[in-house]
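This report concerns one sheet, the helices that accompany the sheet, and one pocket. Please consult the sequence and the model shown below while reading.

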Amino acid sequence: MPFLDRLQRWADDRPDETAVVVAGEHLSWSGLRDQAAALVSAAPAVTVLSEHNSIRFAVEFAAAVAGERQCAVLDPAWPQQLQDGITARIALTEPALPPSVAAALADGPPDTSFLIGLTSGTTSVPKAFTRSRRSWQESFDASIEFFGLTQDDKSLAPGPLAASLNLYALAECLYAGAEFHTLEHFDVGAAHAAVSHDGITRLVLVPTMLRLLSERGLAGGVDASGIRSIICAGSKLDARTLEAARRWAPNATIFEYYGASELSFVSGAGLGPGEPVEPGGTGIGKPFPGVDIRILDDHGAELPDGSDGNICVRSGMVSNGYLWGDDGQALRCFDGWYTVGDQGYLSGGTLHMLGRRSDMIITAGTNVYPHEVEMALASVPGVAAAVAAGMTDDLRGQRVVAGVVPSHGAVTATQLRSGIDDVLARNKRPLEYFALAELPVTDRGKISRQLMLDWVAGNDPRIRRLG
């Protein structure tokens, strides 16, 4: 089951308590149950849900996964032509709804699929994978244990519900019986108002959002002392974001984790108030509850501690695989060990994340992962954030370049070079540096290395070469 049987329980036990809040609009547990139950009889075998954040999104999503039904959540910001193409593909694979399925708001059999997940896409049709009800139940149990979610928590996930991070946070709260908050769209002022007036105790967001909330919260005197936990995903936290978050929310444990839509949670770590930070580190914690991790080579052989290779996992949280778009590399299996191609190594039980194989820079025969370079630069005083990428080079194949957002004033290429002397091997250091007026990010707040290269090629005013 994902969360519907639990929703029925909370609606019976606490009918008038708040379940979901979207931009100040409240819906109780009984209200959510009753509104979703009213839609179930008309819900098809597969619902294509393309909605901006709203109370109606939560209601329709609950109805869409009742019984043995499935739901595909599309980003409403995607072009209509792309959405139509995805809908047409889903129609071709749509199963018949079993005649035995009752029109009731209840969970279906654990091993049946309930979610069609879609990788990010803007022009080409995204890959689609499916998840079983059991995989999300096991994910809920693991994340609730790891992050310490309780029914007293009020979680704010200020990003789009169409993104897997926020959709999962909604469903996790419905499963745990915890109050869930979101906004119509990400807005710093609206998020601060929720923190100040709604008693938010838990944030679920990407690093760029956390930095904006923290820095502007400090400048504006927004009290975040009631926040007990911050869950960050998408990329590892840079030094400036972490420092600002710890000052703004001094009582929060800050969690960062590694996972993938196809794998669910893999590893994570929580940094409690006052705990020391490892500068420039690539470590991303220890395995999640119920997860085993191995580093395997491309033939499936296990590699020793400290050796780079494919991060492979074995857990009950892994997806069922792809409906379409699988090229044989996107989700690989080595005798029960699954990988999405992310590269890393284990050291003393801690997973170190190096990045996607597809992001790897090959320069003069040396493999360089941008993540390594970014973590090293982020530890340099005066650097707020860093982005590294591989630029085409006739001699080397690719050369490493990096853009940095200064934390204050100006930063020079000389400062950057000397700052990473003892952190990064010489053959992995950038050959060119750029100052960034802002981070190159997608509409979902994730870093885009290609966008930075596009800025360089187009002489964009947001990027300036450092001498």
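In this predicted model, an open sheet of mixed pairing is formed by 5 strands in the order 3-4-5-6-16. Two strands are taken to pair if DSSP finds at least two bridges between them. Strands (E, at least two residues) and helices (H or I, at least four) are DSSP runs, numbered from the N terminus. Strand 3 (46–49) and strand 16 (321–324) are the edge strands, each pairing on one side only. On average, neighbouring strands of the sheet are turned by 30° against each other, direction ignored. Within the sheet, strand 5 (residues 113–118) pairs with strand 6 (residues 128–132) in the antiparallel sense over 5 bridges; Gly117 has Phe129 in strand 6 as its bridge partner.

Residues are numbered from 1 along each chain as its sequence is written. Local features need pLDDT of at least 70, side-chain atom pairs count only at pLDDT 80 or more, and totals for chains, interfaces and linings use all residues, while side-chain values use heavy atoms and leave out hydrogens and water.

Two helices lie across strands of the sheet, as tabulated here. Axes are lines fitted to C-alpha atoms, for helices over the stretch in contact (heavy atoms within 4.5 Å), and angles run from 0 to 180 degrees between N-to-C directions.

| Helix | Strands crossed | Angle |
|---|---|---|
| Helix 3 (residues 55–64) | strand 3, strand 4 (70–73), strand 5 | about 140° to strand 4 |
| Helix 5 | strand 5, strand 6 | about 70° to strand 6 |

Helix 5 (residues 133–147) also packs with helix 6 (residues 164–176): their axes come within 10 Å and cross at roughly 85°. Helix 5 is therefore roughly perpendicular to helix 6, a term for angles of 65 to 115 degrees. Residues of helix 5 that meet helix 6 include Trp136, Phe140 and Phe147, and their counterparts in helix 6 include Leu167, Tyr168 and Tyr175. By class, this contact has 9 nonpolar, 3 polar and 2 charged residues. Ala, Val, Leu, Ile, Met, Phe, Trp, Tyr, Cys and Pro count as nonpolar, Asp, Glu, Lys and Arg as charged, and the others, Gly among them, as polar.

Turning to the pocket, strand 12 gives the most to the lining of the second largest pocket, with 3 residues. By class, that lining has 12 nonpolar, 7 polar and 5 charged residues. Lining residues have an atom within 4 Å of a pocket point, on a 1 Å grid over the protein atoms alone; a pocket is an open set of points where a 1.4 Å probe fits, with protein on both sides within 12 Å along at least five of seven lines.

Methods. Parallel < 35°, antiparallel > 145°, perpendicular 65-115°, else oblique.
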